[in-house]
Amino acid sequence: MEYIQLEWFHDVAEDPCIIYSEINGQRYEVRKIAAFKDGTYMKCNEEMINSQIELADVPFPVNLEEINQDKQFYAKYISKEEFQEKWENC
């Protein structure tokens, strides 16, 4: 598994500003945490159904620079521990 933090720079209150993703070996999300500007968090996984966020249906690129070429996003790898702490606290 790999863990990614994606910052999304925008002004839409209904959309998350930070997304934390747990990625499997095929590069698909298996768990996701969405953080919003108002301080709220939502999470989902393959068993949880959440009407406001859902797992991506396309794989993450191997090279995060593909994401970072779009200036409205900044993606980086984070540790399993950092992801798990966020997961447990939201």
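This is a short talk about the fold, the cores and a few single residues of one protein chain.

Good morning, everyone. Please keep in mind throughout that what we are looking at is a predicted model, and that the values I quote were computed from it.

Let me begin with the overall layout. The protein has 2 helices and 5 strands, and if you read along the sequence, these elements follow the pattern β-β-β-β-α-β-α. The radius of gyration is 12 Å, which is close to the 12 Å that the globule rule gives for 90 residues, so the protein is as compact as a globular protein of that length. If you prefer to think of a box, the C-alpha atoms fill one of roughly 30 × 30 × 25 Å, taken along the principal axes. Of the 90 residues, 39% count as buried. When we consider the contacts with a separation of 6 or more, 44% of them come from residues that are 24 or more positions apart.

Now to the inside. In soluble globular proteins, nonpolar side chains tend to be buried together. Which residues make up the largest nonpolar core here? There are 8 of them, namely Ile 4, Leu 6, Ile 19, Ile 23, Phe 60, Leu 64, Ile 67 and Ala 75. Strand 1, which covers residues 2–8, and strand 2, which covers 18–23, each supply at least two residues of this core. Apart from this core lies another one, of 6 residues, and Tyr 3, Ile 78, Phe 83 and Trp 87 are among them. To return to a member of the largest core, Ile 23 touches Met 1, Glu 2, Ile 4, Tyr 28, Glu 29 and Phe 60, if we do not count residues up to four places away in sequence.

Some of the residues I have just named also appear in the aromatic pairs. A search of the whole structure finds 3 such pairs. One of them is formed by Tyr 3 and Phe 83, and this pair is tilted, with 5.4 Å from centre to centre and 40° between the planes. The pair links distant parts of the chain, since Tyr 3 sits in strand 1 while Phe 83 sits in helix 2, residues 80–88, and the two are 80 residues apart. Both Tyr 3 and Phe 83 are buried. Ring pairs also bring in Trp 87, linking Tyr 3, Phe 83 and Trp 87 into a cluster.

Please stay with Trp 87 for a moment, and look at what lies over the face of its ring. Arg 31 is placed there, at 4.7 Å from the ring centre, and Lys 43 also lies over the face of Trp 87, at 4.6 Å from the ring centre.

Next, I would like to take a few residues individually, starting with Glu 22, which lies in strand 2. Is Glu 22 buried or exposed? Its relative accessibility is 7%, and because the cut-off for buried is under 20%, Glu 22 counts as buried. Its side chain is joined to that of Tyr 3 by a polar contact of 2.9 Å. Leaving aside neighbours within four places in sequence, Glu 22 is in contact with several residues, including Tyr 28, Val 30, Arg 31 and Phe 83.

A second polar residue to look at is Asn 68, found in helix 1, residues 65–68. Asn 68 is buried as well, with a relative accessible area of 11%. What lies 2.6 Å from a polar atom of the side chain of Asn 68? The partner is the backbone nitrogen of Ala 75, and Ala 75 is, as we saw, one of the residues of the largest core. Not counting residues up to four places away in sequence, Asn 68 touches Phe 73, Tyr 74 and Ala 75.

Let me turn to two loops. Arg 27 lies in the loop between strand 2 and strand 3, the latter being residues 29–35. Its phi is near 75°, which is a positive value in a residue other than glycine, and Arg 27 is buried, with a relative accessible area of 12%.

Phe 9, finally, is found in the loop between strand 1 and strand 2. Phe 9 is partly exposed, with a relative accessible area of 46%. The C-alpha atoms of Phe 9 and Lys 71 are separated by 8.1 Å, although these residues are 62 residues apart along the chain. Again leaving out residues up to four places away in sequence, Phe 9 touches Lys 71, Gln 72, Phe 73 and Tyr 74.

Thank you for listening.

Definitions and conventions
Residues are numbered from 1 along each chain as its sequence is written. This is a predicted model: local features need pLDDT of at least 70, side-chain atom pairs count only at pLDDT 80 or more; totals for chains, interfaces and linings use all residues. Side-chain values use heavy atoms; hydrogens and water are left out. A nonpolar core is a set of buried Ala, Val, Leu, Ile, Met, Phe, Trp, Tyr and Cys residues joined through side-chain atoms within 4.5 Å. Buried means under 20% relative accessible area, exposed over 50%, partly exposed in between (1.4 Å probe, protein chains only). Helices (H or I, at least four residues) and strands (E, at least two) are DSSP runs, numbered from the N terminus. Contact means heavy atoms within 4.5 Å. A polar contact is a pair of N or O atoms within 3.5 Å; within protein, one must be able to donate a hydrogen and the other to accept it, and residues adjacent in sequence count only if both atoms are side-chain atoms. Rings of Phe, Tyr and Trp (its six-membered ring) pair if their centres lie within 6.5 Å; planes under 30 degrees apart count as stacked, over 60 as edge-to-face and the rest as tilted. A charge sits over a ring if NZ of Lys or CZ of Arg is within 6 Å of the ring centre and within 35 degrees of the ring normal. The radius of gyration is taken over C-alpha atoms; the globule rule is 2.2 Å times the number of residues to the power 0.38.
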